[in-house]
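Please look over the sequence and the model below before reading on. The briefing that follows starts with a question and then goes through the structure topic by topic.

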Amino acid sequence: MSARPGVRFRPRARLRLSVAALAGALSGALVLGGAGGPAQATGTPPSSPPPSDKALQKRLDDLVRTAGGPPGVIALMQVGDRTTVHRAGVADTRTGRPPRADAYMRLASVAKAYSGAVALRLVDRHRLDLDDTIGRRLPALPRAWHKVTLRQLLNHTSGLPDFSTAPSFLEILVADPRHRFDSRELLDFVADRKLLFPPGSRYAYSNSDNIAVALMAEAATGRPYEQLLEQLVYRPLDLRRTVLPQGYRMPRPYLHGYDVTPPAPPEDISEAISASGVWASGGIVATPKDLNAFVRAWAGGRGYLSEEVRKEQRRFIPGAASEPAGPGTNAGGLAIFRYETRCGTVYGHTGNYPGYTQLAAATADGKRSLTFSINTQTSKTLKPELLARVRAVQEDFVCALLRR
């Protein structure tokens with residue numbers, strides 16, 4: 001097969017090595033008490049007016065021109081009923097098609113907010129309780145884990161070992177990136193391990209947590225997690241372009257994700273890995289438009305959660321960062337993070353996955369929202385300089401959002 005201009009194709013063996021190098025994305029880099037410090041001082045000074053549309057566009061243009069940066073970026077801002085879309089670069093290097101608000105993309109760890117939404121909606125309906133334990137709901141899991149509560153799973157203080165860092169899991173992934181895992185058996189990869197620490201004693205971001213959350217929801221209702229997403233998240237919020245696939249294929253059209261390693265041209269890895277290996281912790285695919293609708297409700301939409309449950313959701317752990325860290329100073333709640341920027345505070349979630357880095361955030365009343373998506377991966381361990389630049393640009397967009 002001849003390579004088309006602008007896209008790098010690798011032999012299968014080399015692609016496997018690429019996936020192995022990016023496998024840390026699936027583990028969320030296992031943040032151990034990581035703090036999300038302030039964004040780099042490359043944004044607009046605090047005393048200045050909010051960035052203009054022209055200034056925001058320049059920030060995006062500069063981002064896609066950065067060595068090792070994303071081929072494309074799209075930022076969707078909504079204030080009340082008014083939506084503004086900023087974009088730069090391309091969604092597909094082969095065609096030059098620009099990023100669009102109705103194109104699918106991998107949400108990465110933002111999917112954890114969706115499993116959190118399922119769980120907290122069930123708490124509101126008295127089908128689950130935040131003090132429910134693994135021992136009560138999932139007694140077949142290791143006895144050493146039985147005292148872990150739903151609350152501790154949702155705020156990443158459970159101590160569960162991360163299945164996506166297990167050598168046996170990574171061995172399968174490297175051998176066959178498109179391997180179809182049994183998503184409900186992912187915790188088996190660490191079933192022989194004890195907790196990393198006593199439940200509730202510290203913060204450690206772990207993909208295992210949200211797998212257990214989804215399994216708890218299934219145990220409490222007798223319904224598959226995918227049906228619970230449809231019933232409790234998609235339908236109430238009219239999310240018509242949000243799915244949880246099991247395979248590696250993306251719905252069309254989609255924002256292509258790339259491995260960008262100069263001087264080689266970007267390599268399309270959008271469909272390199274099966275979503276079954278991340279499931280409730282990172283497998284959801286949606287459009288920027290649908291993601292925006294979700295985060296408005298999740299961060300503060302009236303009626304989506306009761307005030308009592310919302311209060312529990314917002315019991316934040318200072319310094320508990322999402323992965324990658326979001327703009328400003330981070331703190332972690334129940335499947336939601338608080339981002340305190342120089343211009344004010346927003347709430348949401350971030351994520352990174354081979355080919356994608358995501359931020360979805362909104363104000364506490366849900367009336368102002370931002371989704372910010374780039375089509376390459378960055379984290380505190382993978383291209384940290386790029387992450388610092390991305391966080392600074394995100395903070396400028398938060399400032400524009402809050403001051404309009």
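How many bridges join strand 9 to strand 10, and in which sense do the two strands run? Four bridges join strand 9, residues 329-332, to strand 10, and the two strands run antiparallel. This is a predicted model, and the chain averages a pLDDT of 91, with 88% of the residues scoring at least 70.

**Confidence along the chain**

- Over residues 1-22 the pLDDT stays under 50, and the model has 40 contacts beyond four places in sequence for this stretch.
- A second stretch, residues 27-43, also keeps a pLDDT under 50, and here the model has 54 contacts beyond four places in sequence.
- Where pLDDT is low, the predicted coordinates should not be read in detail.

**Strands 9, 10 and 11**

- Within the pairing of strand 9 and strand 10, Thr-329 has Glu-340 of strand 10 as its bridge partner.
- Strand 9 and strand 10 make a hairpin with four residues between the strands, and in this hairpin Ala-335 takes a positive phi near 60°.
- Strand 10 also pairs with strand 11 in the antiparallel sense, over five bridges, and these two strands form a hairpin with two residues between them.
- In the pairing of strand 10 with strand 11, Phe-337 has Gly-348 of strand 11 as its bridge partner.
- In a regular strand the side chains alternate between the two faces of the sheet.
- Strand 10 has a covered face made of Phe-337, Tyr-339 and Thr-341, and an uncovered face made of Arg-338 and Glu-340.

**The disulfide**

- The structure holds one disulfide, which is formed by Cys-343 and Cys-399, with their sulfur atoms 1.9 Å apart.
- This pair links distant parts of the chain, since Cys-343 lies in the loop between strand 10 (337-341) and strand 11 (344-353), while Cys-399 lies in helix 11 (residues 384-402), and the two are 56 residues apart.
- The link of Cys-343 and Cys-399 is right-handed, with 85° about the S-S bond, and both cysteines are buried.
- A disulfide is a covalent bond between the sulfur atoms of two cysteines.

**Strands 1 and 2**

- Strand 1 (residues 72-79) pairs with strand 2 (residues 82-89) in the antiparallel sense, over eight bridges, and in this pairing Gln-78 has Thr-83 of strand 2 as its bridge partner.
- The hairpin of strand 1 and strand 2 has two residues between the strands, and in this hairpin Gly-80 takes a positive phi near 65°.

**The open sheet of three strands**

- Three strands form an open sheet in the order 3-7-4, with antiparallel pairing, and its edge strands are strand 3 (105-106) and strand 4 (242-243), each of which pairs on one side only.
- Strand 4 is joined to strand 7, residues 285-286, by two bridges, and these strands run antiparallel, with Thr-242 standing opposite Ala-286 of strand 7.

**Helices 3 and 9**

- Helix 3 (residues 111-124) has 14 residues, which at 1.5 Å a residue should span 20 Å, and its end C-alpha atoms are 20 Å apart, which agrees.
- Helix 3 is mostly covered, with 13 of its 14 residues buried, and the helix is followed by His-126, whose phi is positive, near 60°.
- Helix 9 (residues 288-300) has 13 residues, which at 1.5 Å a residue should span 18 Å, and its end C-alpha atoms are 18 Å apart, in agreement with that expectation.
- Helix 9 is mostly covered as well, with eleven of its 13 residues buried, among them Pro-288, Leu-291, Phe-294, Val-295 and Trp-298.

**Asn-292 and its surroundings**

- Asn-292 has its place in helix 9, and this residue counts as buried because its relative accessibility is 4%, where the cut-off for buried is under 20%.
- Leaving out residues up to four places away in sequence, Asn-292 touches Leu-76, Gln-78, Ser-369, Leu-370 and Thr-371.
- Gln-78, one of the residues that Asn-292 touches, is also the bridge partner of Thr-83 in the pairing of strand 1 and strand 2.
- Asn-292 and Leu-239 are 53 residues apart in sequence, and their C-alpha atoms are 9.9 Å apart in space.

Notes: Residues numbered from 1 in each chain as written. Predicted model: local features only at pLDDT ≥ 70, side-chain atom pairs only at ≥ 80, totals over all residues. Heavy atoms only, no water. pLDDT = per-residue confidence, 0-100. Contact = heavy atoms within 4.5 Å. Pairing = 2+ DSSP bridges. Expected span 1.5 Å × (residues − 1). Buried < 20%, exposed > 50% of the residue type's maximum accessible area, 1.4 Å probe, protein only. Disulfide = S-S within 2.5 Å.
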